[in-house]
Amino acid sequence: MDKLMVLPGDGIGPEIMDVTVDILDYIISKKNLKVEYEFGILGGCSIDKYGIPLTDSVLEACRQSKAILLGAVGGPKWASTDPAKPRPEDALLKLRKELGLYANLRPIKVYDPLVSVSTIKEHVIKGIDILFLRELTGDVYFGKKERIVKDGVVTAYDTMIYRDFEIERAARMAFEIAGSRSKKVTSVEKSNVVESSRLWREITIKVHKDYPDIELIHMYVDNAAMQLVRNPRQFDVIVISNMFGDILSDEAAMIAGSIGLIPSASLRDDFFGLYEPIHGSAPDIAGQGKANPLGTILSMAMMFKYSFRQEEIAAMIEKAVNAVLEKGLRTSDIYDPAAGGSSLVNTKEMGAAVIAEIRI
Ligand code: NAD
């Protein structure tokens with residue numbers, strides 16, 4: 001029996017996870033899959049109950065699973081500038097670090113029925129299929145950070161840190177994945193200024209020697225931010241450090257039309273994975289049935305592909321998502337009343353429509 005840990009989290013997390021688990025139940029029963037899942041609490045709701053965002057027992061249950069499906073964490077209730085206070089987002093950093101999840105895959109695909117939803121011109125984005133590989137265990141999120149008060153001046157600092165092996169394994173996975181795509185990797189960094197980026201470039205060039213059939217392009221992050229909206233078609237696989245990847249993949253989400261559409265997989269070498277949409281807990285729309293569940297549903301498709309090795313089920317979910325979009329169903333983030341032939345639906349209706357399109 002394969003074990004799966006389900007962590008809905010905060011804000012819109014429980015809403016989008018509800019409909020995703022309905023689809024999971026449907027697939028498990030129709031396909032007679034040997035998968036059992038357990039719910040756990042994480043983030044702000046865990047702070048409320050236990051005073052910490054991730055308990056040892058939830059972490060242990062995650063370790064015993066084959067995969068984790070996560071909604072989102074955080075919200076204004078727990079936001080604080082006091083460094084001593086627990087933060088919901090710390091749960092994510094700890095999960096990634098403790099479980100050794102070093103590669104975050106974020107596919108940015110433009111679905112044909114949604115080309116007009118993006119704020120970017122149709123001819124620029126039609127058919128876009130970019131894969132971000134964001135490194136997850138290094139960078140400023142994990143380096144030493146501190147506040148010092150001296151002579152009446154408050155100083156805060158964060159350390160942008162990378163170790164060679166962290167860069168090496170991310171680069172290697174990017175080249176491996178590029179082999180089954182268009183054989184092109186763009187490595188994004190800021191090596192004209194930043195020392196950890198200079199190491200990033202050096203190691204990427206070293207690893208590239210093992211992949212002579214893959215083209216490697218180096219690009220500074222400021223230029224990459226511009227090129228993503230100028231001509232995204234030039235990209236296929238993008239390998240990028242933790243913070244730059246966090247920022248640029250949100251920018252790239254808007255090529256697809258909405259952050260609510262983008263799934264992600266955080267993996268390690270044995271393909272144990274954490275699957276979650278790239279968006280946050282969207283407190284501005286939480287509890288209103290407005291959240292787009294497709295990013296979470298597509299994250300579950302990635303889970304079937306990578307951790308459960310069920311490519312056929314993954315493809316079936318992706319096809320069902322495409323079909324509901326073809327039929328014109330839109331949550332509010334992708335609804336354009338000016339575009340005829342589409343109807344506004346809520347989170348649950350979108351989930352139910354996906355189930356109706358799943359052919360088993
Ligand atoms: P956000 O991604 O939650 O929201 C940004 C905007 O996108 C909002 O207008 C929101 O309504 C919209 N949006 C996001 N997901 C959507 C969906 N599925 N359907 C429709 N619209 C959607 O980012 P934020 O507002 O900067 O952050 C809110 C909280 O989430 C913060 O506490 C932040 O730290 C946290 N956060 C968590 C994660 C995570 O859990 N992985 C990631 C990013 C931010």
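In the predicted model, a polar side-chain atom of His279 is placed 3.2 Å from a nitrogen atom of the ligand. Glu276 also has a polar side-chain atom in contact with the ligand, at 3.3 Å from a nitrogen atom. The contact of Ala282 is made through the backbone: one of its N or O atoms lies 2.8 Å from an oxygen atom of the ligand. On its own the ligand has 810 Å² of accessible area, of which the protein covers 67%.

The shell around the ligand consists of 20 residues. Glu89, Gly280, Ala282, Asp284 and Asn292 are the closest of these. Ala282 is thus named both among the closest residues and as the source of a backbone contact with the ligand. By residue class, the shell contains nine nonpolar, seven polar and four charged residues.

The interior of the protein was also examined for enclosed space. One cavity of 30 Å³ or more was counted, and the volume of the largest cavity is about 40 Å³. The lining of the largest cavity is formed by Met160, Tyr162, Ser196, Ser197, Trp200, Ser241 and Phe244. Helix 7, which spans residues 195-208, supplies three residues, the largest share of this lining. In terms of class, four of the lining residues are nonpolar and three are polar, with no charged residue present. The shell around the ligand, in contrast, includes four charged residues.

Note on methods:
Residues are numbered from 1 along each chain as its sequence is written. This is a predicted model: local features need pLDDT of at least 70, side-chain atom pairs count only at pLDDT 80 or more; totals for chains, interfaces and linings use all residues. Side-chain values use heavy atoms; hydrogens and water are left out. On a 1 Å grid over the protein atoms alone, a cavity is a set of points where a 1.4 Å probe fits but cannot get out, and a pocket is an open set with protein on both sides within 12 Å along at least five of seven lines; lining residues have an atom within 4 Å of a point. Grid points are joined across faces, edges and corners, and a volume is the space filled by probe spheres set on the points. Helices (H or I, at least four residues) and strands (E, at least two) are DSSP runs, numbered from the N terminus. Ala, Val, Leu, Ile, Met, Phe, Trp, Tyr, Cys and Pro count as nonpolar, Asp, Glu, Lys and Arg as charged, and the others, Gly among them, as polar. A residue is near a molecule or strand if one of its heavy atoms lies within 4 Å of it. A polar contact is a pair of N or O atoms within 3.5 Å; within protein, one must be able to donate a hydrogen and the other to accept it, and residues adjacent in sequence count only if both atoms are side-chain atoms. Accessible areas come from the Shrake-Rupley method with a 1.4 Å probe; for residues, only the protein chains shown count as cover.
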